[in-house]
Amino acid sequence: MLTIEKIKDAQKVIASDIKKTDLTFAANISGKNQIFLKTENFQVTGSFKVRGAAYKISKLSDEEKSRGIIACSAGNHAQGVARAAQKEGIKCTICMPAGAPLSKVEATKSFGAEIIFVKDTYDDAYAKAVEIQKETGATFVHPFNDEDIIAGQGTIGLEILEQLPETDAVIAAVGGGGLLSGLALAVKSVKPECKVYGVQSMNAPAMYNSFRAHQLMASQSADTFADGIAVKAPGDITYECINRYVDDIALATEDEIAAAVLMLLEKQKIVSEGAGASPVAAAYFDKFNLSGKNVVCVISGGNIDVNILNRVITRGMILSGRRTSFTIAVPDKPGQLTTFSSIISEYGGNVIDIQYSSSDPLMPVNSCFVNLLVETRDANHAASIRAALLAAGFNLV
């Protein structure tokens with residue numbers, strides 16, 4: 001049975017191997033509340049997952065180790081298991097979704113694991129890992145629905161209350177539930193009045209739906225760039241713990257999570273993956289009533305693929321009004337570009353891309369569409385440029 005004593009044992013066992021990550025005050029993103037960041041993105045392997053993996057593998061018998069390890073993961077659990085297995089000299093095989101971020105794949109390979117790619121999602125990788133386990137007899141290391149794994153992740157809760165006893169609330173991402181369940185048990189055991197919240201992507205809401213329905217439910221899809229929480233079927237052990245100890249779970253949109261990734265990068269100089277940034281999205285976009293509270297957001301990982309990061313930054317800039325597109329219908333004659341570009345310049349906008357089209361069948365033969373991508377300060381600045389263009393007689397489509 002999962003207890004606070006087991007989490008405290010995990011803390012002792014992994015202390016010499018796992019980093020006690022910093023808890024920092026994020027003054028420049030705190031609004032209605034005081035936001036603190038538990039920076040697990042600076043953990044060994046760049047994610048909290050190494051905690052649970054280290055504790056789980058430390059509890060395996062010699063006979064279980066001799067059979068080798070099989071696991072499934074979108075990337076962070078894979079790295080944690082592969083690292084722990086390498087330190088123990090254990091053969092390790094990981095089933096990963098074919099679309100897993102390249103950075104996570106390469107990092108897992110660097111720890112000597114054999115990787116088997118599986119089409120589609122984490123849940124498909126899980127099914128393949130179960131199949132291989134039955135064929136080979138390898139020891140299965142589940143990414144979240146395991147008491148030793150949960151206990152290892154719960155050590156984060158103990159650290160948070162040691163570092164900031166005045167914590168009023170903790171927010172963590174939830175996919176399968178390993179982090180949130182262990183965290184909640186630890187926090188509520190030490191400080192029952194402290195609130196514990198979870199956040200999921202709106203595109204992968206399995207635990208949110210289960211929590212609301214008071215019964216374990218799977219979702220039809222888990223299509224989110226926050227791959228660390230892209231889970232269709234949460235665990236029964238994690239669900240029971242979350243149902244007992246967690247105060248509430250909220251959903252964040254993909255754009256809100258993207259904005260949080262950009263906010264952390266720009267204002268805190270922290271690189272976070274989508275799952276890691278989702279607690280900041282929940283706090284910043286006021287998903288819970290936490291005005292005036294000391295809120296700790298667990299930045300659970302920083303292993304984001306650079307290509308995805310580029311897209312996320314663009315989405316975040318659009319959402320915050322930092323990039324704005326205008327499509328202007330103008331007569332196809334000399335001088336038009338000079339006129340509207342001078343207006344944009346006068347109002348402090350910076351044109352970074354122009355596309356010209358004269359072949360749209362919906363416009364007059366002697367007209368054209370000009371598509372502009374403009375750097376702006378915020379949504380109000382973009383609105384002022386739009387108003388100036390309209391006042392000058394331009395037709396904005």
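Buried residues account for 56% of the 397 residues in the protein chain of this predicted model. The accessible surface of the chain amounts to about 16800 Å², and carbon and sulfur atoms contribute 50% of that area. Computed along its principal axes in the computational sense, the C-alpha trace spans about 80 × 50 × 40 Å. Of the contacts with a separation of 6 or more, 72% are between residues 24 or more positions apart. The secondary structure of the chain consists of 15 helices and 14 strands.

## The six-stranded sheet

One open sheet contains 6 strands in the order 1-2-10-7-8-9, and its pairing is mixed. Its edge strands are strand 1 (23-25) and strand 9 (248-252), each of which pairs on one side only. On average, neighbouring strands of this sheet are turned by 25° against each other, with direction ignored.

At one end of the order, strand 1 pairs with strand 2 (residues 34-39) in the antiparallel sense, over 3 bridges. Within this pairing, Leu 23 has Lys 38 of strand 2 as its bridge partner.

Helices also pack on the sheet. Helix 7 (residues 147-163) lies across strand 1, strand 2, strand 7 (169-173) and strand 10 (294-299), and helix 7 runs at about 130° to strand 2. Helix 9 (residues 206-213) touches strand 8 (195-201) and strand 9; the direction of helix 9 makes about 140° with that of strand 9.

## The four-stranded sheet

A further open sheet is formed by 4 strands in the order 12-13-11-14, with antiparallel pairing. Strand 12 (350-357) and strand 14 (395-396) stand at its edges; each has a single partner strand, so one side of each lacks a neighbour in the sheet. Strand 12 and strand 13 (residues 367-375) run antiparallel and are joined by 7 bridges. In this pair, Ser 357 stands opposite Phe 369 of strand 13. Helix 15 (residues 379-391) lies across strand 11 (323-331) and strand 14, and runs at about 5° to strand 11.

The angles between helices and strands are collected below.

| Helix | Reference strand | Angle |
|---|---|---|
| Helix 7 (residues 147-163) | Strand 2 | about 130° |
| Helix 9 (residues 206-213) | Strand 9 | about 140° |
| Helix 15 (residues 379-391) | Strand 11 | about 5° |

## Packing of helix 1 on helix 7

Helix 1 (residues 4-14) packs against helix 7 at an angle of about 85°, and the two axes are 8 Å apart. Helix 1 is therefore roughly perpendicular to helix 7. From helix 1, the contact involves Ile 4, Lys 6, Ile 7, Lys 8, Ala 10, Gln 11 and Ile 14. Helix 7 contributes Glu 147, Asp 148, Ala 151, Gly 152, Gly 154, Thr 155, Leu 158, Glu 159 and Glu 162. By class, the residues of this contact comprise 6 nonpolar, 4 polar and 6 charged.

## The environment of Arg 83

Arg 83 belongs to helix 4 (residues 76-88). Is this residue buried or exposed? Arg 83 has a relative accessible area of 12% and is therefore buried, the criterion being a value under 20%. When residues up to four places away in sequence are not counted, Arg 83 touches Asp 17, Ile 18, Val 44, Thr 45, Val 50 and Phe 111.

Note on methods:
Residues numbered from 1 in each chain as written. Predicted model: local features only at pLDDT ≥ 70, side-chain atom pairs only at ≥ 80, totals over all residues. Heavy atoms only, no water. Pairing = 2+ DSSP bridges. Helix = DSSP H or I, 4+ residues; strand = E, 2+ residues; numbered from the N terminus. Axes fitted to C-alpha atoms, helices over the stretch in contact; angles between N-to-C directions. Contact = heavy atoms within 4.5 Å. Parallel < 35°, antiparallel > 145°, perpendicular 65-115°, else oblique. Nonpolar A, V, L, I, M, F, W, Y, C, P; charged D, E, K, R; others polar. Buried < 20%, exposed > 50% of the residue type's maximum accessible area, 1.4 Å probe, protein only. Areas by Shrake-Rupley, 256 points an atom, 1.4 Å probe, with all protein chains shown as cover.
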